[in-house]
Each structure stands twice: as C-alpha cells, then as structure tokens.
Protein chains: 2
Amino acid sequence: VGPSFSRPKHTRTVTGLGPSEIKSAESSIPEPQRAAWKKNTPQEFQTKDEFLSEAVRHIETTLARSLFNCDESAAYGGTALAFRDRLVMEWNKTQQNQTTADQKRVYYLSLEFLMGRALDNAMLNTNMKGPAKDGMGELGFRMEDLISQERDAALGNGGLGRLAACFLDSMATMNYPAWGYALRYKYGIFKQEIHDGYQVEVPDYWLDFNPWEFARHDVTVNIQFYGGVRTYQDDNGKTHSSWEGGEIVEAVAFDVPIPGYGTATTNNMRMWSSKAHSGEFDFQKFNSGDYEGSVADTQRAETVSAVLYPNDNLDRGKELRLKQQYFWCAASLHDIVRRFKKTRKPWKEFSNNVAIQLNDTHPTLAIPELQRILIDIEGLEWSEAWEIVQNTFGYTNHTVMQEALEKWSVPLIQHLLPRHLQIIYDINLNFLQYVEKKFPKDRDMLRRVSIIEESEPKRVRMAFLAVIGSHKVNGVAELHSDLIKTTIFKDFVQIYGPDKFTNVTNGITPRRWLHQANPRLSELIASKLGGHEFLKDLTLLNKLENHVDDKAFRKEFQEIKYANKVRLAKHIKNTTGVSVNPAALFDIQVKRIHEYKRQQLNIFGVIHRYLAIKAMNAEERKKLAPRVSIFGGKAAPGYWMAKTVIHLICKVGDVVNNDPDVGDLLKVIFLEDYNVSKAEIITPASDISEHISTAGTEASGTSNMKFVLNGGLIIGTCDGANIEITREIGDSNIFLFGNLAEDVEELRHNHLYGKYELDDGLRKVFDAIQAGRFGDANQFSALVNGIVDHGDYYLVSDDFNSYCKTHDLIDESYKNQEEWLTKCITSVARMGFFSSDRCIDEYAEMIWNVEPVKPKAEQVNGG
Amino acid sequence: VGPSFSRPKHTRTVTGLGPSEIKSAESSIPEPQRAAWKKNTPQEFQTKDEFLSEAVRHIETTLARSLFNCDESAAYGGTALAFRDRLVMEWNKTQQNQTTADQKRVYYLSLEFLMGRALDNAMLNTNMKGPAKDGMGELGFRMEDLISQERDAALGNGGLGRLAACFLDSMATMNYPAWGYALRYKYGIFKQEIHDGYQVEVPDYWLDFNPWEFARHDVTVNIQFYGGVRTYQDDNGKTHSSWEGGEIVEAVAFDVPIPGYGTATTNNMRMWSSKAHSGEFDFQKFNSGDYEGSVADTQRAETVSAVLYPNDNLDRGKELRLKQQYFWCAASLHDIVRRFKKTRKPWKEFSNNVAIQLNDTHPTLAIPELQRILIDIEGLEWSEAWEIVQNTFGYTNHTVMQEALEKWSVPLIQHLLPRHLQIIYDINLNFLQYVEKKFPKDRDMLRRVSIIEESEPKRVRMAFLAVIGSHKVNGVAELHSDLIKTTIFKDFVQIYGPDKFTNVTNGITPRRWLHQANPRLSELIASKLGGHEFLKDLTLLNKLENHVDDKAFRKEFQEIKYANKVRLAKHIKNTTGVSVNPAALFDIQVKRIHEYKRQQLNIFGVIHRYLAIKAMNAEERKKLAPRVSIFGGKAAPGYWMAKTVIHLICKVGDVVNNDPDVGDLLKVIFLEDYNVSKAEIITPASDISEHISTAGTEASGTSNMKFVLNGGLIIGTCDGANIEITREIGDSNIFLFGNLAEDVEELRHNHLYGKYELDDGLRKVFDAIQAGRFGDANQFSALVNGIVDHGDYYLVSDDFNSYCKTHDLIDESYKNQEEWLTKCITSVARMGFFSSDRCIDEYAEMIWNVEPVKPKAEQVNGG
Ligand SMILES: Cc1ncc(COP(=O)(O)O)c(C=O)c1O
Ligand SMILES: Cc1ncc(COP(=O)(O)O)c(C=O)c1O
C-alpha cells in the first residue's frame, strides 16, 4: 500500500445477486472497464491444441510439476483442471441465465450423493473427450490411465445416493434449473479392504486433491444448536417465540458444477462444510495455556460434517447424525430463502418459485425449519406459513422396512432443537385435530398416525412428519408405491385420499451407465440408430429390435460383452490374484451387503453348486457350464451379520478356487471396495446379475437396470423394479423365482408359530459349513442359526429351492448362446423406460411443476 | 475406462529426483513428447495485457466469479493467482537448477516464519508491479485496495519469526540454495481485538484462501511417537537399538515459493502439516458406531500442527509443543537425508552438502534425530555419526533470559521419544567425560554444564544440547553475543574455546521494509543514487550523506514522512475513531507486549506527561510540542501482566483523548492486531520509536532498524542492536537513556536486599492510578505492586527519571525541525549495515560455508 492517491475504486458485492441486481451491477460498471474485462475473458478450448496448452499450463503452475516429473497423477490433475475451468465458465453463464429467467427452481435435498468420478463424465458431457485424449496422447499418456487416477466422490452408501447423482445429471441434461444440496463429508464412505477374508475399513481422504469443487468462503450460514425458546407478547398482544442461546456452527458452501450432456447447462451441487464459528474457538482454554483443549472445540464443530454414516437402510438415532441433518437442512433453507427474498416477491409466491424434494426422511427437519423461518423470523401467520410449507415440499420414500424408518427421540430433539420440537408438536396437534374431525371417535387412528410415537422415550416419526408437510409423496417403483399405501402410510391414504401418493419408478442416467461405462456398446448402438440421440431419449433404443437378427450386429454385440468380461477378468487378476476364464458365465451380485439383499442366499447357492460339482463324475462335470460367481459390496462397519457374509464368501472362495476337482467350473470372487467407478467396470461384464431381495424389501434397485442396459440378464425375485423390468423386457428374458411379497407375512408367521422345515438342499449346505469345510464353523453359527432356529426372517430357506432350480435353468439357457444373445439384445432394446430423464420429467410434471430454462444461444455454441 | 487397447504408457515418478535422475528422466521421454510439452509450456506474463488476461482467467475459472460479482477480494485473488503461477514456474526452474548444480544447501529450521503478505512482495521482487497495477486499473481497481485484501501469513510471534522471513528473502535474493522448513499451523498467531480496553483473542483462519502454497500430497513422512526401544545384538555381536511401536502421525508437505529480488532464483519454504496416518483412524470405535470417537483420533493427529504457541520469549513445557518440535524436526530431517541420499555420495560428505541452522533451541531435537538416523537406521558408528552431526548444525541463540530457555522434563521425553532420550544421555556422557578430562576434579563444572539439570523432575537443557551438537553458536547482536559468552555459556567458552562462539548482528530486508513499506522514500533514494542498486547493497545508502544539504531532497524527504503520518492517522481514525494531528510528534512503540520490553515504562511516562500538562497553564501548554503516543502489540493469551499493561494503555487513552484540557497536545492510541502488514504502515510513520527494554534483556530487536531506515529516530536503552545502531549513525542521532547491562544485577540486588526508593515522578504516576483516574485501581494493583513492593525486576523505577528527561530532550530537539531532519537523513544514510543480506553473507561465510548458485541465463530473462 503506497501513500494514498486518487483512482476510481469499486467495491462490488459478493455472490448471489438477484435478477435485477445483476443487471444493475453490470450497468454500474463503466464501459471501458467492461470492455477490458470482455477482451480478457477466457475462451473455452475447442481443439486438441487448445486443450493441451491449458492442461500443461495447469501441470506446470497449479500443480508445480515439470516435464520430467509429470506422472499419471499430475497428468490427470492437469486434464481435470482444464475441464474444471471449462465447466465453471458454463456454470457462471448458466447461473446468471437461470437467475435472469426467474422461473421456479428445484432444490434436491439429499444427505447422499454417490457421484463417483467426474473427469470422464465432464469430457463426455461436453463432447471434448476426443481432443483431450489426443492431447494427452501426444505427451505419452493413455486417457484410461489418467481417468483411473481420480478418487471417487463417495458421499453415499448405495442406491439412494447414486439415484441422487443420476438425477443431477438428468436435470442438467434436460435444462431444469435445479440445485442439489449436500453435506461435504470430509471422509466419504470408508474404503473397504479385505484382509484374511475379513472386511477392514480405511478412511477415504477424497478431499486431498479435489479439483471439482469451488470453495465459497464468502457464502456462510451460522447454524444454531441447543439453547432455549423465549416466548413474549408484542405490543398487539400477539405471542412470539424466539430461539435463543446455545452454540453456533458455521456452514461454508462448496460448489460442484454439474454439466448436462449435449447442452451448455451446468447446474450446481452445493455442499456444506462445517467449521467453528469465530466466537466458538475456546479462548478461555487458550488463555490458560490449554491449546489442545482450545482446538478441541473447533474440531467439534468440524466433526459435524466429518463422516458419512455408513449405514444403508438402517436408523441408529445418533445425536451427531441429527446434528448433520439439521445443519444441512438449515444451511440449505437459509440459502434458498435468501435467494427467494432477492426476487422481492411476496411470500405467497414462494412455492411458485421454489420446489424442494426430500430424498428420504433425512431432510425432514427442513419442514419445521421453513415453518420456523416463516413464523418466527418473517412474521407470517401459522396457517399462511403452513400452506407455503406444504406446497413447497415433496417427499420420496425409499423403504418400508421398520429398521430403516427414522424416529428421533423427543428428549434429544428437545435438547438440540427446542423450538423445532415445539413446532413439530404444533404441526401434530393441528393434524390430529383435522383427523379427529374426519374420523371422530377413532382413537386408535389418532394413536397410529400421530407424529409422536408413545414409546419410552417418545419418538418423532420422521416419515409421518414428511408426509404431513409435503403435497406429494412418492415411492420409487410400482410395487413399492403400492406397498407404502397399504402398509406404513395406509391411514394417510384414508386421511388425505389416494392422490397425495404417487409413484416415480427410479431410473439411471444412460450417459454414465452406458456411454461412459460401455463406450463400445454405445458406439454400436449409435451406428445402428444413426447417432447418439438415444442418450437423450432412451426410448429410441426400441429401434434396436429391428436389428436383433442382424448377424454383424449380433457378433459385435457379443464381442463387446466378451471384451468387457476380459477387462473385468484382468481387474480380478490384478486385485485378487485369481485367474478367471472370460468364457465362463459371469454371475455378479454387487451392492451393499445386507441381510434383506440376501448375499447369503447367493453364497449358499454357490456352496450348493460346489457340493454338486464335487459329487459329479468327470463326464457330468464336462457338461456343466463354467461359472464365475462375483460378489462385491461394503458392509456397514457395525453390521456384524453382513460382515460374516463377506467372510463366508471369501472363505468359500479360498476353498473352491484352489480345489483341483473344480478347475474352471466354478470360481468365487469377492471384489474389494465396490464403488461407482468399479461399478462402471463391473456392470458391462455380467452375463447374469443377482437382485434377489426378499420380496417386498427392496424398494426399487437401480443396479438391476444398469446390468440389463449393458446386455446382461437378471436372476431376481418379484421385488422392486424387477417387476417393471419384467413388464418391459418380457418375462422370457428374465429369471424370476421365489415367493411373492403378499405371502411374506404368512411365511414369517409360520416360521415362528407354525410348521417349518428347513429346505433339504440348504441343510446340506449348512452341514458342509458346520463340518468346517470353509474354516472355523463357529464363525458362521449365528448366520446359520438365524435361519435354522430364529425364524429365518428373510426367507432364505423358503426361496432356496426355487433359487437353485432357476440357476440350473440359467445354465441350460446359457448353453444356447444364440438364444441367450437374442434375450440380451431384446432386453437392451426395451430398457428405454428406465432412464432417469424419464423420472425427472415425471417429477417435474407431477410434483414440482417446473419448466426447463434453455441456455442462451451463445452459450450453446460454447457447450 | 474403455476396453483396453494399446498405446504407449508412462508412469513417471513423484517429485524429488536426484541430479542424475532428472537427466535420465528427461532423456527417457521420447522426443516428440518432449516437443509437445515444450510447445505448450506456459510463458510468464511480461506486459499489462498478458497479466490481465491471466488474472481475468483466474477470476472466471479458479474463483468462479463473473464481471458483475468480481469484488476486491476476487480481484486480489486473480492477481495473486497470476503471480503465483509466475513464481512457481521460476520455482521449478530454480529447484532443477540447484539440484543439477549439486552444491551445498542451507536448511533454515525455524518454528516461526512471520511472512506477512506475499502479493506486494511478489510483484516488487519480480519487477512486475507496474503492469499489474495498470491492468487492474483498467478493471477499475486500485492496487492498494487489492493488496489489503490478503491475510497475513502470521506463523510467528515477533522478532524471531520475522527474522526468519527476512532471511528467506535475502537468501533468495543472493541466490543461495536454501530452504526454510516450517510448521504449517492451521491457526497462526491469534487475531487481537480490543473490547472495552481488554485484549480479546480471535482465531486466525489464514488458510481459507491461500494461493501461495502448493500442497504436496505425494511428499509425506510418517512420524513416530511414544513406543519403546528394542535392543539386540547382530551376528557380529554388535549391539543395535531400534525404536518400535507407539503411534504414527503423517507429515504432509506444503511448499511456498520465495522469490528473490531482481533475480530469477525462487527458493522454497516447506511447511509440514500433520494428518492422521491411514492406520490411525479408529475403526474400532467406528465399527461400534462411535463416529465422533473415531474422528477424534484423526483430529488428535491434526492437532499437532493446529496452533502456534503464542508465547514470545517464554517456555511453557507443554507436551503438544514438544510433539510439534519433534514432528517438524523429524519430517525436515527425513526430507534432507532423502535428498542427500539421492546424490549417492558417502556419508562423510553429508556436512559438505548440508548446512542446517537452528533458529533458537526449538529445533534442537534435530540433533539427536540425525544421530539416531545415522546410527540406528544407516548403521554408522557413534563417533563417525557424531562428527557429521556437529559439522552439520549451527545454532543461533536468541535470549539469555532464564524464563525463555527451553528445558524439557526427562519423563516427558522418555514417554514421547524414548530412543532420543537414550541418545541425549549418551551425548551427555561423552561430553562430560571430555570435560572431566579437560578439567579434572571440577565437579561443580560437571554439574553446571550437564545437559541434564538435576532438578525434580530432571530436565534436558536444550540450549546446552544445541551448543554441544553444533559447530558454531551465534548471538544476534554484539552485546548479546558477548553476554552469552559471559553468562549462560560461560563454561562452554572454557571448554570449547572462544572460536565456537560468534556474532551475527541481525538485519532486515530492505525490499519489504523500505521499498515495499515506503515506496516514495525508495523512489527518492533511487533518484539520488541513480537507481535501485541500494536495495541489493544497502551500504550504498551512505552516498545519501552527500545530499543532506540538498534543499529539494530535504523537502521531499520531509513530505514523505508527513504523507506516511497522514496515512497512519487515517488508519487510526478508521480503526479507533480517534483523530490525531499528523503534525504532532508520532511516538511509537509497537512489538510484543512483555514486561522486559517495558511498555509499562512508556505508559507511565505518558501519564507523567499528562499530569504535567494538567498542571500547566495555557501559556506553558502553548510551548509544548503536540504528541501522539502510539502503542501496538499482542500479549500472550495467558500473560496476565502484559494484558494489564494493554488495559492501562487503553484506559489512559480513554481519559487523555477526551480531556478538553489536553486537546492535541497528547493522544494515546492502542492499535489493534499488530502484525507485519500493519508494521508496514506504522514503521514509515514514526518520528520517534521506543526500544526501551531493560538493559541486557533484548537480544537484538529488529524493529529499531526498520524505524530508523524509514527516517525515524529512536529513544532507547543501551541494549541489543541499539548499541550498534548508535555506533553506525552516531550518538547525536539517537536518544539513549537508562542503566547499563553491567549494572542490572547490582540494582536488582539492591531492590531486594538493599536500600531502594521509588522514583518520585513515578510515585505521582502511581498515585494517579491508585486514585482511580484511569478506572478501577484494583485492576492495576499487581502492576504497581510489582514495582513498589516486589523488587521491580525490570528496573522501571531506576530508569524512569532518565526516561522522562530524555523525552523532554526529544521535545526540545523536535522543535528544531531542520536539525531533526538532518538527524533523520543522516541516520538513514548510515543504516547500510543492517541489511539482512549482510547477515546472510556472514552466516554463509562463517557458519555454513555455502556458495550462491546463479540462475541459468534463460531463467534470468524470465525473472
Ligand atoms: C456403488 C454403488 N452402490 C450401490 C448401487 C445400488 O445398487 P442396487 O440397486 O443393487 O442396490 C449402485 C448402483 O449402481 C452403485 O453404483
Ligand atoms: C509484526 C512484528 N512483530 C514483531 C516484530 C519485532 O519487533 P521488535 O524488534 O521491536 O521486537 C516485528 C518487526 O518488524 C514485526 O513486524
């Protein structure tokens, strides 16, 4: 700073201007300054050479590397940074364009976004992979090697989180003005290692180098916890409540650009990171020399966004989890309300400007929080506010399983969020009065539908609060949407009528799950369909049926599958050391390890097959189709039964893979650390994949769709989206087995109170386990006893026989390779329905009532 | 990842190749690939337009901002990033060049580096400030406003840390191949706020946006703590020790480029950040659902580099501090040894390749650590290793005050670093045997010089260990270097002879402290000296004496001082609300608040002056020169007495500044949050600055040099560098007062045991305080009693009278403005000696024995 002299001085404001403000901010800038800016505005690279100069610049500057020490990680970094720059330019234009358009926006609140890697997606969605690949080739790097340097953004557990990620892709691709709101976990889902056949968890340091996020240190929200409620009367005698005291944790925004495919629209995923509020650094301790103690507080604040809870479909009721939920809901709502207020529209316009989708009950606190903002802070009347709230929210249910339904203890909420508890009680009171009017005298109904469960301690049923606070509730597949209406929300259908409940069958983005994961298949399809239009309208796939008899097409289709199996076989060899035969039938079950998903059924089936092989003579063995049984998936760290299943799979693998009697006929593989990027290698390589949950437990499943779209068949139960997949592709193209959802209750009852006999084949399997053929039998006794003695809740025994028989059928069927191929091709052609684009259109139409915003013409050229 | 196909594949290695490896790595890359790289290598900007396009690109991409929301912080960010890119290109070339040169390198180990801001320094050192200023001007921004957006890198307490920063600047400027090794505190020294006249500490989030560092996630070192020592015999019967078990914390490197002035050399400061070692994430707790607990461990690891200990010249003996010291020493040594080993030279060459300077005793553990590496890991014999150790290290002592001398409890070291304690005992044994041989029968000598103090508990005297493990020990000013030889190291002079002890009087970098802080004065001097050469050879300043009678020069000199005072007056108005008259005499004392620095003497003097003014009649008042007494500095959070002094200053200010009797005659200002960037505003604005430590306590002081170099005079005691400043500028140009160091002991003795009478003037001051004229007297009773009743350790009373008289002299002297101006100009002309460049040359010559490495010709053009 030199001694003062006079020059013009600008202080421009921070991010987040309203539509009119943008205009006035721009026009307030003198013309010469605008000209200077425009002249220097960076241009998006369009050619190999332009890309390469960006990438090398980043390697030498941002990454501080030189020619001689540029390894693959640096080359990845440079490529990623070049693309990140490109995305952010489009991001800026999109945000400005959407703000100016001033239409209704969607906010997708999800505690999980299982994004996977971003680079390949960015290259493909911007249609710039060719130049990048060629450019890096000139430096001697292969693009696949660079892509594989990236760490997954693994901010989720499984299907629910991946769905949110697919939805972001679809919303951007279809130009919907939509933001995702996420929590920026410092550690995503743990990394799974297998040591001695046991799962070992290792932390995921995904943020060490993350070029895909932009820190917004100027976008912060103070989030309050604890404290108390002060009630007072104003001059007009009106009573007000005010939440006061307690402690503050600061939320800092980090933005991730979400590029649409074949459009310049680049939406935003905003992640909140927690940090100590300045005032929260404990200088009392600091002063007295207790430096460790003084940072402990800061660290406590940072703990809020530190770890993703690694439970899939399980509620644990931990205080920190509740803190996470409120922290993220409150920060997001503050952001949304602030953005709305800048439009200067009246409050009654709020739900015409804002649609908020609750992905499961995790963000349900957003309901009382918005009500609180409106009545306590903005001064609206209760009923006026409540109408806005209900019109704003939509709620997606993901499960009917009791153990997964969130219920928060009342004392815990009282302690952490005293004002919200009051509001929840008031919501409940109003609701019950309404019910009582509609169903006078039905005391039991009141008890059943109350938001407050009369347990000890009392608990808040979050799903009920979500239903009551939303204008639409949807399930994620037809069966599941029917089930919620007949089970957990049965009373609510009576109360609100059936129209409040709807179905949006899940989908997947064909960009990542076909074009990116299986580029050769995508090319082949494009060659037959005359272009890549099907990636934006997946129903066009149906034209493939015209080519089902086309020899060359069939051959290429089959070769692609084989090549994908070779690629997976290499991965298996590299990671497990086991050689598998790519000509064998690849039978894959990859997903979270969970009793309801029944990996135990699968491994028992494998043992059954192993015992059969052992009992065969050489002649018989020759007739058998070789198989590779592939498993993958994480168990929640505290889920002991799931870990036992992993251990059994590994132990069976040890025995089977080294048994000379068996050879190529059977291999059993457990793939470490299943995640999105591994799914991209695994999914295109299946002949059969397993989706064998106990009927009525899997809400939809999405990996089933991914496997079929990539030309693999399914063995599955009549559960979740399997049913709709069957409807679409035809029941001759899927291997269904097992009991139906409607019979589950009866069967369970029989297990406990009626006559129940263990399946005979299964008994032999258990005998082998108990004889120690797969190591110490004690290790597996709880698993076996759960089925033999403790009611077999997931009906493994009931389905075992039909499961094994169906596998025999599959063996048979696979022998006729031509017929098999026809099944695969036909199935692919009929999968058009399962695009997440279709889901988003349904949400937009039925639930959100939003319209796309086209990118500006000059932007389209850029994109 | 697409299906596999064949293309060439490179896996290049991570950073840190040896000289021969660089060559072979480069030549292993096929020519076309090298050509592709070279073609795309980014060029350093040279013009305004080139700069502007870099800056705008960064604003739009890295910072994701647009024209309409580019505020000053974004404009700063873009400018900083453009310069950071430029620095890193030179950094890369410099490192490669120095590695190839393969000369001896210096490693400067300092637990504190008080760097301040980097942008202005980068612009000036690369001679690119003009283009940047013009470019940002085109966008409507003033460069001073942008510069002031940057947060100080405040990784230090005071003089010791700032010295390290000045040394880095000098080493780069003079092309020495030198690295600084630092700890990357997440929170630097706290931010000081003043509330109601009390110091309040606020955390310093300096890392939120720090474009000046490069994360090196691939450069990590595992640091061990705790555990035990295993002793075993090898096959030849030789005994080995091995440190095993305990816990691991990972050190991650972050590099900060240090650009030299007017040279392309860009050196490195490597900061270590602590992080949990993967294995240290507590998955036991994680598994059992204790997620908070599981991160707690990770956070404990991160705590190691979390906070800078905010004590200046005070040892507190906290375990975490010891952990910090070892963590940083071990990581740095590992790095240094790794770099040496890549040269493939024999161990005896180590100290011909490596010089390590210990800035104070904080890095003393590097001595036993290097010994441990050499004997336990590399298998050298003890004596061979010890010779290498001694030849490698140099130790700079910074204090003779007992309370500042580090002594670590033996049980603590035993617990944390069991093997190091053994080695320290062995070092001590060898040393004492040597002493015993030289001075047989002098038992008391053995007790006095032992590294182990026989206290309860026993303690390790780090200063003694540092002396014994180094080949040279230096003090930081002549008086101080004499004092260490006659006090704390007296016996060691006997043992080793006087040549082991030397002096390097501290210095300051004229780039930051003249050219950057006072650009107009730098220009004026350049205009008289025919260029800026003096910034690289400060002794050229002496030519200014030829111009001391040049009217125009004198006028401009005076105007510059006035403008700098106006600038400070504005800052005072903005931050405190108090208007001060720039024509008044600005009397400044800014430095850490410490009893030995005697801000209390100053404020008592101010009160004395206030009482005098109150007692004057109007006539007398008219004759008095108006004064502004300016204070600034942080008190350690737990240093109660220092905080009381701040409180008294503020309270006196409240009274004096609002007393209508006083008006402009006296203003008392406390400036909040004194740090390097504020020092750059404050230093050029003094008429008088105060350096009034009790004689014998301040080792050197460096702000005294800064003030004089900027044309201010000094009131000071005969202490530290004041003495040499006097010798250089002449005793008529400085206001010295007070007792001498040699008399201090006697005076203290008299206070306690002899006759002692409180100074009369001081008594009146105390009477006023005790009468409550500056608020509640109880608040100040400890401060007053310490002087009246408890021995007045810092001799405030003894020096009070001469202090006040000297201020009267200053008033007198200031009246003769022409004479005053002559003193100022003459002083500036004679300050050439105090450049840190001179220090570095002395270190290089006397202690390190290193030579500069010239940047390559093509690089010089770039720089
Ligand atoms: C990593 C990952 N986990 C879980 C899932 C969901 O699998 P499922 O639908 O089989 O539960 C997917 C879907 O692709 C996935 O990629
Ligand atoms: C911020 C800061 N603190 C402390 C010091 C050292 O001051 P002194 O030499 O007066 O102790 C300096 C020197 O300029 C400084 O810039």
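**Close-up views of two ligand shells and two sheet regions**

**View 1. Strands 14, 16 and 15 of chain B form an open sheet in this predicted model.** Strand 14 of chain B and strand 16 (residues 459-461) of chain B run antiparallel and are joined by three bridges, where strands are DSSP runs of E with at least two residues and helices are runs of H or I with at least four residues, both numbered from the N terminus, and where two strands pair if DSSP finds at least two bridges between them. Within this pairing, K407(B) has R461(B) in strand 16 of chain B as its bridge partner. The open sheet has three strands in the order 14-16-15, with antiparallel pairing. Its edge strands, each pairing on one side only, are strand 14 (407-409) and strand 15 (452-453) of chain B. Strands of a sheet pair through backbone hydrogen bonds, either parallel or antiparallel.

Residues are numbered from 1 along each chain as its sequence is written, while chains are lettered from A and ligands numbered from 1 in the order in which they are written. Because the model is predicted, local features need pLDDT of at least 70 and side-chain atom pairs count only at pLDDT 80 or more, whereas totals for chains, interfaces and linings use all residues, and side-chain values use heavy atoms, with hydrogens and water left out.

**View 2. Strand 11 of chain B is covered on both faces.** Of the 11 residues of strand 11 (residues 266-276) of chain B, 11 are buried, so this strand is largely enclosed by the rest of the structure; buried means under 20% relative accessible area, exposed over 50%, and partly exposed in between, with a 1.4 Å probe and protein chains only. One side carries residues including R270(B) and W272(B), and the other side carries residues including M269(B) and M271(B). Strand 11 of chain B pairs in the parallel sense with strand 4 (residues 178-183) of chain B over five bridges, with N268(B) as the bridge partner of W179(B). With strand 10 (residues 247-259) of chain B, strand 11 of chain B pairs in the antiparallel sense over 11 bridges, and here A251(B) has S274(B) as its bridge partner. The hairpin of strands 10 and 11 of chain B has six residues between the strands, and in it G262(B) takes a positive phi near 65 degrees.

**View 3. Ligand 2 lies between two domains of chain B.** Domain 1 (105-116 + 150-184 + 209-272 + 310-506) and domain 2 (510-845) of chain B both give residues to the shell around ligand 2, so the ligand lies between them; the domain bounds come from an automatic or database domain assignment. Among the polar contacts (pairs of N or O atoms within 3.5 Å), a side-chain N or O atom of K597(B) is 2.7 Å from an oxygen atom of ligand 2, and a backbone N or O atom of T702(B) lies 2.7 Å from an oxygen atom of ligand 2. Taken alone, ligand 2 exposes 400 Å², of which the protein buries 96%, with areas from the Shrake-Rupley method and a 1.4 Å probe.

**View 4. Ligand 1 lies between two domains of chain A.** Domain 3 (102-117 + 152-506 + 846-862) and domain 4 (581-827) of chain A both give residues to the shell around ligand 1, so the ligand lies between them. A polar side-chain atom of K591(A) lies 3.0 Å from an oxygen atom of ligand 1, and one of K706(A) lies 2.4 Å from an oxygen atom of ligand 1. Taken alone, ligand 1 exposes 390 Å², and the protein buries 96% of that. Helix 27 (676-682) and helix 28 (703-709) of chain A each give two or more residues to this shell.

Methods
A polar contact is a pair of N or O atoms within 3.5 Å; within protein, one must be able to donate a hydrogen and the other to accept it, and residues adjacent in sequence count only if both atoms are side-chain atoms.
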